[in-house]
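Let's take a walk through this protein together, one stop at a time. Have the sequence and the 3D view open, and follow along at your own pace.

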Amino acid sequence: MRSTSGLLVLMCALCCGVHSSAQQKLTSAEATAHVGEHATVCGSVASVHYATRSKGEPTFINLDKPYPNQIFTILIWGNDRPKFGDPEQKYSGKHVCATGMITVFREVPEIVAHDPAAIKLQ
């Protein structure tokens with residue numbers, strides 16, 4: 001019985017630790033050090049580009065510096081784009097926070113947003 005209680009306490013502590021790290025807010029520059037983590041990355045939208053001729057019709061929301069010098073990118077795939085309305089108008093020039101798994105594409109950290117709730121205006 002005692003070992004079961006101890007295990008339960010350990011599991012709760014681990015869950016709380018995972019939950020805490022998920023709430024971590026990072027700047028776009030800090031994101032590189034947190035690849036593979038679920039976090040919130042915040043910054044000013046420097047450029048938004050809808051690549052209609054690219055495979056998957058991605059929309060790139062670049063934080064703090066525009067392409068090709070972007071520091072961090074929020075990616076919206078074309079099949080998810082209708083959920084976001086007009087990202088160019090909605091996010092351009094605004095300060096946003098994106099929450100999700102930080103990955104890397106071509107040496108630039110990014111979060112793929114599948115749902116508008118993943119991007120919050122600040």
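Two strands count as paired if DSSP finds at least two bridges between them. Keep in mind as you read that this is a predicted model.

With that definition in hand, start at strand E4, which covers residues 72-76. On one side, E4 has strand E3 (residues 59-63) as an antiparallel partner, and five bridges join the two. If you would like a spot to click on, look for Asn62, which stands opposite Thr73 in E4. E4 also pairs with strand E7 (residues 108-112), this time in the parallel sense and over three bridges. Here a handy landmark is Ile74, whose bridge partner in E7 is Ile111.

Are the residues of E4 buried or exposed? Five of the five are buried, so this strand is largely enclosed by the rest of the structure. In a regular strand, side chains alternate between the two faces of the sheet. In E4, Phe72, Ile74 and Ile76 lie on one side, while Thr73 and Leu75 lie on the other, and both faces are covered.

Some of these residues turn up again in the largest nonpolar core, which has 20 residues. The members that touch the most others are Val41, Ile61, Leu63, Phe72, Ile74, Ile102 and Ile119. Strands E2, E3, E4 and E5 each supply at least two residues of this core, and E2 gives the most, with four. Ile119 is a good place to pause: leaving aside neighbours within four places in sequence, its contacts include Ile61, Ile74 and Ile76, along with Phe84, Tyr91 and Val96. Cys97 is also among the contacts of Ile119, and that cysteine leads us to the next stop.

How many disulfides does the model hold? The count comes to one. Cys42 and Cys97 form this link, with their sulfur atoms 1.9 Å apart. The angle about the S-S bond is 110°, and the link is right-handed. Cys42 lies in strand E2 (residues 38-50) and Cys97 in strand E5 (residues 95-101), so the disulfide ties together parts of the chain that are 55 residues apart in sequence. Since buried means under 20% relative accessible area, Cys42 counts as buried at 12%, and Cys97 does too, at 3%.

Stay with Cys42 for a moment and look at what surrounds it. Apart from neighbours within four places in sequence, Cys42 is in contact with a run of residues from Lys25 and Leu26 to Thr27 and Ser28, and also with Leu63, Asp64, His95, Val96 and Cys97. Thr27 is 15 residues away from Cys42 along the chain, yet their C-alpha atoms are separated by 5.2 Å.

For the last stop, go back to E4 and follow the chain onward into the loop that leads to helix H2 (87-91), where you will find Asp80. Is Asp80 buried or exposed? It is buried, with a relative accessible area of 8%. The side chain of Asp80 makes a polar contact of 2.8 Å with the side chain of His114. Not counting residues up to four places away in sequence, Asp80 touches Ala113 as well as His114. Ala113 is also in contact with Ile119, the core residue you met earlier.

Methods:
Residues numbered from 1 in each chain as written. Predicted model: local features only at pLDDT ≥ 70, side-chain atom pairs only at ≥ 80, totals over all residues. Heavy atoms only, no water. Disulfide = S-S within 2.5 Å. Buried < 20%, exposed > 50% of the residue type's maximum accessible area, 1.4 Å probe, protein only. Contact = heavy atoms within 4.5 Å. Polar contact = N/O pair within 3.5 Å; in protein donor to acceptor, adjacent residues only side chain to side chain. Core = buried A, V, L, I, M, F, W, Y, C linked by side-chain atoms within 4.5 Å.
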